[in-house]
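Here are a few short exercises to try with a structure on screen. Have a go at each task before you read its solution.

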Amino acid sequence: MARSRPSLSLIEGALLLSLLALILAVFVPTFLRRIRTNKISEAAELLGEMSRRAQVYYDATWPAQQRHCLPPAAGPAPTTPTEEPHAVDFFSPKTAGHQTWEAIGFQPDRPTRFSYRYTPSRDGCALPGSEDEVSVVFRADGDLDGDGVRSVFERRAVVGRDGFSPADALLVHQRTE
């Protein structure tokens, strides 16, 4: 004798579908927001690291007792940002400004989506003795969804008589495009 399986009534099925729709309505936007946040957190973290490394370079003592040096501009590295992260060797001779990236020791330890630049208004040594302040811009730009619109992140620093002063603010344009 065959036993019949219990089946859902129409009301039970509707309740189950409603519950599933509610769960999806709550968690899918949260999940997508988390993915977007992870994509843009790369730029903020690596710009902070680049700024710290440039400050260490600036504060170090170099041969011939030269101090307070900034290397020349570098980047963009990679030349074109990508939608999906990929590994880039910033120290490779094929990379724009590889000597500068190597001098400050900036080599991300993970694949990147953004293109990075380091741009001082003036480079060289003995910079605090000059009349003018020297500004340094650390920039990341990327096309996170492949639509041609770029997200741009900037961190800045000023070099003056008081030394290397990184700005606390992270400037952002088109955060998530």
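The exercises below go from the overall layout to single contacts.

A word on the ground rules: this is a predicted model, in which local features need pLDDT of at least 70, side-chain atom pairs count only at pLDDT 80 or more, and totals for chains, interfaces and linings use all residues. Residues are numbered from 1 along each chain as its sequence is written, and side-chain values use heavy atoms, with hydrogens and water left out.

**Exercise 1. Layout**

Task: Find how many helices and strands the chain has, and in which pattern they follow each other.

Solution:
- Start with the DSSP runs, numbered from the N terminus: helices are H or I with at least four residues, strands are E with at least two.
- This gives two helices and seven strands.
- Along the sequence they read α-β-β-β-α-β-β-β-β.

**Exercise 2. The core**

Task: Work out which residues have the most contacts inside the largest nonpolar core, and which element gives the largest share.

Solution:
- Sort residues by relative accessible area (1.4 Å probe, protein chains only): under 20% is buried, over 50% exposed, and in between partly exposed. Buried residues make up 34% of the 177 in the chain.
- Join buried Ala, Val, Leu, Ile, Met, Phe, Trp, Tyr and Cys through side-chain atoms within 4.5 Å to get a nonpolar core.
- The largest such core has 30 residues, and Met50, Leu70, Trp101, Tyr116, Tyr118 and Phe138 have the most contacts inside it.
- Two or more residues come from each of α1 (10–59), β3 (74–77), α2 (98–104), β4 (115–120), β5 (134–142) and β6 (151–160).
- Helix α1 gives the largest share, eight residues.

**Exercise 3. Salt bridges**

Task: Locate the partners of Glu45 and Glu154.

Solution:
- Look for a side-chain nitrogen of Lys or Arg within 4 Å of a carboxyl oxygen of Asp or Glu; five salt bridges turn up.
- Glu45 pairs with Arg110 at 3.0 Å, N to O. Arg110 sits in the loop between α2 and β4 and Glu45 in helix α1, so this bridge ties together parts 65 residues apart in sequence.
- Glu154 meets Arg139, with the closest N and O atoms 3.7 Å apart. Since Glu154 is in strand β6 and Arg139 in strand β5, this pair ties together parts 15 residues apart in sequence.
- Glu154 also bridges to Arg156, here with 2.7 Å between the closest N and O atoms. Arg139, Glu154 and Arg156 are thus linked in a network of salt bridges.
- Check the accessibility: Glu154 is buried at 12%, while Arg139 is partly exposed at 30% and Arg156 partly exposed at 40%.

**Exercise 4. A nonpolar surface patch**

Task: Identify the residues of the nonpolar surface patch that includes Phe31.

Solution:
- Take residues with over 30% relative accessible area and no salt bridge, and join nonpolar side chains (Val, Leu, Ile, Met, Phe, Trp, Tyr) within 5 Å.
- The patch consists of Leu17, Leu20, Leu24, Val28, Phe31 and Leu32, together about 590 Å² of accessible area.
- Phe31 lies in helix α1 and is exposed, at 53% relative accessible area.

**Exercise 5. Cis peptide bonds**

Task: Read omega for the bonds Gly75 to Pro76 and Ala77 to Pro78.

Solution:
- For background, most peptide bonds are trans.
- Gly75 and Pro76 are joined by a cis bond with omega about 5°, and Pro76 is in strand β3.
- Ala77 to Pro78 is cis with omega near -10°, and Pro78 is in the loop between β3 and α2.

Definitions and conventions:
Patches are made of residues with over 30% relative accessible area and no salt bridge: like charges are joined within 9 Å, nonpolar side chains (Val, Leu, Ile, Met, Phe, Trp, Tyr) within 5 Å. Accessible areas come from the Shrake-Rupley method with a 1.4 Å probe; for residues, only the protein chains shown count as cover.
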